[in-house]
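Please work through the exercises below with the sequence and the three-dimensional structure open beside you. Try each task on your own before you read its solution.

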Amino acid sequence: MQQKLLRSSHYIELGGYQYWPIMVPRDIRLYTYEQIPVFLKDNPYITDGYRAYLPARLCLKSLFILSNETVNIWSHLLGFLLFFALGVYDLVAVLPAAGASREDFVICFVCLFCFQVCMLCSVGYHLFCCHRSEKTSRRWMALDYAGISIAILGCYVSGVFYAFYCNNYWRQVYLITMLAMILAVFFAQIHPSYLTQQCHRLRSVIFCSVSGYGIIPTVHWVGLNGGIGASIVQEFAPRVLVMYFIAAVAFLFYISKVPERYFPGQLNYLGSSHQVWHILAVVMLYWWHQSVVYIMQYRHSKPCPEYSVDL
Ligand SMILES: [Zn+2]
């Protein structure tokens, strides 16, 4: 038993070889799936490398140890830095070069700010989920979900703003409905039963509906611009499709727990589905930011036709 405990708490295994973790302070130990509290039990295929029962100070300190959350934490910490750097670059180089208006600056700021909030909420959750208090852990989880909604809001606000650049009426209609929908999701997330296992399916349904709602303004936008043959549609619609494709692949990894489902215990530290989901989330948001900059530049190079201003 002593031997087993020592092995499970101090070694990590990669590809059948045993390694020492880079740094394990004496006050943080790692646990197996059987040893962690029930509220942390989410993925039985990740069998080892769990932090648990920690006070806030040690949760923070665990940023620098190798656990099964290390890649999750650092992928979105680097994601946050990426979107922060992109914001600075946009402000000083991209937007001034494109002849951007004050509105362009605001939209670009809102978009990247939402992405940064999403990344930080995720970092917070993966850092503090191992807190000894279940309530604290759950609160961070709620914040993680809220962060995803905020990122979706950032995508919608920027997308709708430029897609309906020449249609003030529909731009307002979609912005208001999207804001209302995201607010409704927030209220659902505040509800205590939202994060229980029983609501797992409901969370997936809400997540898919909020993300899928974007298809409605997209189809409407294609129609308003004269169908799929129109030049702006040809330029921008594939970007929306790629965005949805990445989102769908990311979500499939997230819910299916593939590939660790087929290699239980072997992908505890590297290569698990949640890590793929995290990386695809950064790729997807980066792709969307590039698309927003692209359509913004397009709009400045080709002004709205006279007749469509008040459509
Ligand atoms: Zn996550």
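The exercises go from the overall fold to the cores, then to annotated positions and finally to the backbone.

The structure is a predicted model, in which local features need pLDDT of at least 70 and side-chain atom pairs count only at pLDDT 80 or more, whereas totals for chains, interfaces and linings use all residues. Residues are numbered from 1 along each chain as its sequence is written.

**Exercise 1. The overall fold**

Task: Work out how many helices and strands the protein has, and in what order the elements run.

Solution: Begin with the definition: helices (H or I, at least four residues) and strands (E, at least two) are DSSP runs, numbered from the N terminus. Counted in this way, the secondary structure of the protein comes to ten helices and two strands. Next, follow the chain from the N terminus, where the order of the elements reads α-β-β-α-α-α-α-α-α-α-α-α.

Then turn to burial, for which a residue is called buried if 20 or more other C-beta atoms lie within 10 Å of its own, exposed if 12 or fewer, and partly exposed in between, with the C-beta atoms placed from the backbone. Of the 311 residues in the protein, 33% are buried.

Finally, look at contacts, where two residues are in contact if their C-beta atoms, placed from the backbone, lie within 7 Å. Among contacts between residues at least 6 apart in sequence, 68% join residues at least 24 apart.

**Exercise 2. The nonpolar cores**

Task: Find which helices each supply at least two residues of the largest nonpolar core.

Solution: A nonpolar core is a set of buried Ala, Val, Leu, Ile, Met, Phe, Trp, Tyr and Cys residues joined through C-beta atoms within 7 Å. The largest such core has 51 residues, and those with the most contacts inside it are C111, F115, A151, Y156, V157, V160 and L285. At least two residues of this core come from each of helix 3 (70-97), helix 4 (102-128), helix 5 (134-163), helix 6 (168-190), helix 9 (231-256) and helix 10 (273-301). Apart from this core lies another, of five residues, including L30, Y33, I46 and Y50.

As a last step, take V160 as an example: leaving aside residues up to four places away in sequence, V160 touches R171, Y174, L175, M178 and P217.

**Exercise 3. The annotated positions**

Task: Decide whether H274 and H278 are buried or exposed.

Solution: UniProt, in an unreviewed entry, lists H126, H274 and H278 under "binding site". UniProt positions are given in the numbering used here, feature names are shortened, and annotations may be inferred rather than shown by experiment. The three listed residues are spread over 153 residues of sequence, yet they cluster in space, with a largest C-alpha distance of 11.2 Å.

H274 is found in helix 10, and it counts as buried because it has 20 C-beta neighbours inside 10 Å. H278 also lies in helix 10, and it is buried because 24 C-beta neighbours are inside 10 Å. Not counting residues up to four places away in sequence, H278 touches N72, S75 and H76.

The same unreviewed entry type carries the annotation "transmembrane region", which covers several spans, among them residues 77-98 and 236-255. Residues 77-98 are 95% helix and 0% strand, with end C-alpha atoms 29 Å apart. Residues 236-255 are 100% helix and 0% strand, and their end C-alpha atoms lie 29 Å apart.

**Exercise 4. The backbone between helices**

Task: Identify which residues a cis peptide bond joins, and state what the phi values of K257 and Y53 are.

Solution: Start from the general rule that most residues other than glycine have a negative phi, and most peptide bonds are trans. A cis peptide bond joins V258 and P259, with omega about 15°, and P259 is placed in the loop between helix 9 and helix 10. K257 lies in that loop too, and its phi is positive, near 55°, although K257 is a residue other than glycine. K257 counts as partly exposed because it has 18 C-beta neighbours inside 10 Å.

Y53, which is not a glycine, has a positive phi of about 60° and is found in the loop between strand 2 (17-19) and helix 2 (56-61). Y53 is partly exposed because 17 other C-beta atoms are within 10 Å.
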